[in-house]
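This report covers a structure in two chains. It takes up backbone geometry, sheets, one helix and the contact between chains.

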Number of protein chains: 2
Amino acid sequence: MDALKVQLLLTGNEIMSGDVIDSNSAMIAQLLKAIGIEVQRKVTVGDELNTLVNEIKTITQQADILIINGGLGPTIDDMTAQALALAANKPIVRHPQAMQHLKNWCHQRNYRLSEPNKKQADLPQGCEIIANSVGSAVGFKLTLNNCEIYCTPGVPSELKLMLEQEITPELNQKIPEHLKTSVKRMQVFGIGESTIQKLIDENFPHWPSDIELGFRAAMPLIEVKLTSRNSQASKLAEVWHRKIVALLGDHIIGENSTKLNKVVVDLLAKQQKTITFAESCTGGLIASQLTQVAGASQVFEAGFITYSNNIKTALLGVNEKILNQHGAVSEQTVLAMAKGALAKSQADYVVAVSGVAGPDGGTTEKPVGIVWIAWGNNDILNTCCLYLPGNRHYFQHYVAAASLDLIRRMLISSSESAYYLEERKFKAKFSEKQ
Amino acid sequence: MDALKVQLLLTGNEIMSGDVIDSNSAMIAQLLKAIGIEVQRKVTVGDELNTLVNEIKTITQQADILIINGGLGPTIDDMTAQALALAANKPIVRHPQAMQHLKNWCHQRNYRLSEPNKKQADLPQGCEIIANSVGSAVGFKLTLNNCEIYCTPGVPSELKLMLEQEITPELNQKIPEHLKTSVKRMQVFGIGESTIQKLIDENFPHWPSDIELGFRAAMPLIEVKLTSRNSQASKLAEVWHRKIVALLGDHIIGENSTKLNKVVVDLLAKQQKTITFAESCTGGLIASQLTQVAGASQVFEAGFITYSNNIKTALLGVNEKILNQHGAVSEQTVLAMAKGALAKSQADYVVAVSGVAGPDGGTTEKPVGIVWIAWGNNDILNTCCLYLPGNRHYFQHYVAAASLDLIRRMLISSSESAYYLEERKFKAKFSEKQ
């Protein structure tokens, strides 16, 4: 048997007009890809009944599976059920199971079940209900022209749960054993895509052909994926996954959707330690990333944003002589900032950063994109100087990520040297006047 | 003459797989909408030659205009030119004008023009070049089945310029005078979509039918758009635009894509004033938003992130008695934080915030979502207590936006009262024990 032919039909005037960027179809494609199904084609149209009916008729003649997204709501422009009924030549009937779902949903929320809401239970005769564990609109399923049609809600959170809980498990059973896929995802920081590819080419010249290596840039992280295209390859993929883990070592932040800020908060919490930040060029970004994490207050008490020289002195006690002699963007200054922040906050760990975010303020010796970072604790303080040219947004976000990563490496007692400390190191040029 | 029938064809395995979320089609739709053209349908397919050829043939039989996006690059999976040549039954030829563009492009960058790059000049015979002012790949245009086909690059920045500079001006000339459209966009903060709609319904019961009022939520801002569908309505729209401006007053941050952080930095810079922040529940987010703006160092020297009570005392001199008596989330505490931050930073303006971001830490009297804000200068400090239930991300971003907005209103000497100060005001319930 061949691979399943899958198409998507997206409906909605707001995605047609570009008022809303469609991310649902990417979500569907990713969740299907994780079980080895590739979407072949997608069509997007506005809320127009005849157009919908025609698209449904055409696609069901080409595909094994059609997933329709959107148009399940209670308003006049939600017309998926009606379009499907017309395409399949079935009457619309009030579906008892959908009605019961609506009643329960309203009851739990103390809402009155209004007439417009009841419309969500009016579905094509003979369709099967797909449970919606969070929203009022159930999904539904019907076969037409030997094509199975899944109608799904447009609200992303509802769509996601319906795909994960109902649709992908069902589709997974339709995939022949020899085509079943599995995916291993790793989040990696501080080593470029091309460097990873080069390392793999050098270390594993005989990479197995049925394990696909993929990268996705999610600045400043990179997601590395191993996809195995059948059940035999799945077992093999575990072996190669371990090889990749050994190769990339502590550059791997974690599996699946792990994020740097969460990893650092969790490590600190587990070790019952606290952290503080002294930020110049990142202007509070590092602290704000850490405090996005619920429970950050367990590990974080104070942060210092010291943009000007005066404030570095007044707030963190950075000696004016250091600033005058070495400048704000210097090893001596970030070390003094780090020491000051540790003393003032009584935290266990610290990161201090000072750099030139740009677009202005660069010089030949200290160009836009240069940053000094000091990190450590009362026993040991390390420093590095990185060069991250690009734009202000990229610079600030890379510095924030590197700051969290350097602390992460300290907290896991990593003995490896991070690639970016060498690859992104600033190599000072002598100014032309010297 | 009727409205133009426009369809889009998007190509690329990376958008098909969901590795990349397609935002180009939304950009195209928005830029066309601004000149009064609505996209009717879009089809997305992977990089597969036969599929592309078939889609081109089918769409050109239905549409007046087809915009193809993607597949103009130098690699093997870029096949738009080849597909179009096959669909139109034309040979591929090396196009002198495209070749000249490639030579100039490489010369300016000191690149060698490689063989794969030259492929970008191999185009269907008889096509017209569309200039690309930034990238190496030119666009091109061909007519098939009475449908004009525009082939455009997948890189968003190149696509945007090509649409703005070349394609929309050309399409604009094809629109009959009575269908020409213009759009006025305003960025609004602190007043909900339904409230705006209600205000307009109440104040302007006779809203003209050929001026369309639209909203787009860009949390925490709302974009309000006035679209006029013909040249007569355009003049009328100017009158109604002034009425909306008068109605929404200082809730309007600015026109087009204005952002709060940039407005505040510009106002402070113009008045030669500086600002500081004392942040508890936002953990540095307000300062990081301000310092995203290039040139923020002119108006910002210091920020204080004081998460714990000890640090509020140690860093900002908040009296321990205040904290013990009223708690960290109280009017007295944010006032003391604001005064401390002004004194320590010597800044002219200050915002201090303290709240319960959640998901934990709420009580009956001070539930998750409550925040106290103090803002002002050495002469006057104001306070408010808002209630912003939802999730941590929403809460932190709304508090940051409100903080910047309250300062903005002070800097423009606004005499209006902001809607959200009333609508989002926390109404304390007495705890059940009292």
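A:Asn146 is exposed, because just 9 other C-beta atoms lie within 10 Å and a residue with 12 or fewer counts as exposed. The model is predicted. A:Asn146 sits in the loop between E7 and E8 of chain A. Its phi is near 65°, a positive value in a residue other than glycine.

A:Gln272 also has a positive phi, about 50°, and is not a glycine. A:Gln272 is found in the loop between helix H10 (260-270) and E13 of chain A. With 9 C-beta neighbours inside 10 Å, A:Gln272 counts as exposed. Most residues other than glycine have a negative phi, and most peptide bonds are trans.

Cis peptide bonds come next. One joins A:Gly358 and A:Pro359, with omega about 5°. A:Pro359 lies in the loop between strand E15 (349-355) and strand E16 (370-377) of chain A. In chain B, a cis bond joins B:Gly358 and B:Pro359, again with omega about 5°. B:Pro359 is found in the loop between E15 and E16 of chain B.

**The 12-strand sheet**

Strands from both chains build an open sheet of 12 strands with mixed pairing. The order is E6(A)-E7(A)-E8(A)-E3(A)-E1(A)-E2(A)-E2(B)-E1(B)-E3(B)-E8(B)-E7(B)-E6(B). Its edge strands are E6 (128-130) of chain A and E6 (128-130) of chain B, each of which pairs on one side only. The twist averages 20° from one strand to the next.

Where do the chains meet in this sheet? Strand E2 (residues 39-45) of chain A pairs with E2(B). The two run antiparallel, over five bridges. A:Val45 stands opposite B:Arg41 there. Within chain A, strand E1 (residues 6-11) pairs with strand E3 (residues 65-69) in the parallel sense. A:Leu8 stands opposite A:Ile67 in E3(A).

**Helix H3 of chain A**

H3(A) spans residues 49-60, 12 in number. From first C-alpha to last it reaches 17 Å, close to the 16 Å expected at 1.5 Å a residue. Which residues of H3(A) are buried? They are A:Leu52, A:Glu55, A:Ile56, A:Ile59 and A:Thr60. These residues cover an arc of only 115° around the axis, so they lie on the same side of H3(A). An α-helix has 3.6 residues a turn, so residues three or four places apart point the same way. The buried residues of H3(A) pack against E1, E2, E3, helix H4 (80-88), strand E7 (139-144) and strand E8 (147-152) of chain A.

**The 10-strand sheet**

A second open sheet is made of 10 strands, also with mixed pairing. Its order is E17(A)-E16(A)-E15(A)-E13(A)-E14(A)-E14(B)-E13(B)-E15(B)-E16(B)-E17(B). E17 (381-387) of chain A and E17 of chain B stand at the edges. Each has a single partner strand, so one side of each is left without a neighbour in the sheet. The twist averages 10° from one strand to the next.

Helix H12 (residues 309-316) of chain A lies across E13 (275-279) and E14 (300-306) of chain A, together with E14 of chain B. H12 of chain A runs at about 145° to E14(A).

Two strand pairs of chain B in this sheet are set out below.

| Strand pair | Sense | Bridges | Residues opposite each other |
|---|---|---|---|
| E15(B) and E16(B) | antiparallel | seven | B:Val353 and B:Ile373 |
| E16(B) and E17(B) | antiparallel | seven | B:Trp372 and B:Cys385 |

A hairpin joins E16(B) to E17(B) through three residues. Is E16(B) enclosed or open? Seven of its eight residues are buried, so E16(B) is largely enclosed by the rest of the structure.

B:Thr383 is found in strand E17 (residues 381-387) of chain B. This residue is partly exposed, with 16 other C-beta atoms within 10 Å. Beyond its sequence neighbours within four places, B:Thr383 is in contact with B:Glu331, B:Val334, B:Leu335, B:Trp372, B:Ile373 and B:Ala374.

**Between the chains**

How many residues of chain B touch chain A? 47 residues of chain B are in contact with 47 residues of chain A. Six elements of chain B each supply at least two residues to this side: helix H2 (24-33), strand E2 (39-45), helix H11 (285-290), strand E14 (300-306), helix H12 (309-316) and helix H14 (331-345). By class, this side of chain B has 21 nonpolar, 16 polar and 10 charged residues.

Definitions and conventions: Residues numbered from 1 in each chain as written. Chains lettered and ligands numbered in written order. Predicted model: local features only at pLDDT ≥ 70, side-chain atom pairs only at ≥ 80, totals over all residues. Contact = placed C-beta atoms within 7 Å. Helix = DSSP H or I, 4+ residues; strand = E, 2+ residues; numbered from the N terminus. Nonpolar A, V, L, I, M, F, W, Y, C, P; charged D, E, K, R; others polar. Pairing = 2+ DSSP bridges. Axes fitted to C-alpha atoms, helices over the stretch in contact; angles between N-to-C directions. Expected span 1.5 Å × (residues − 1). Buried ≥ 20, exposed ≤ 12 C-beta atoms within 10 Å, placed from the backbone. Arc of directions from axis to C-beta.
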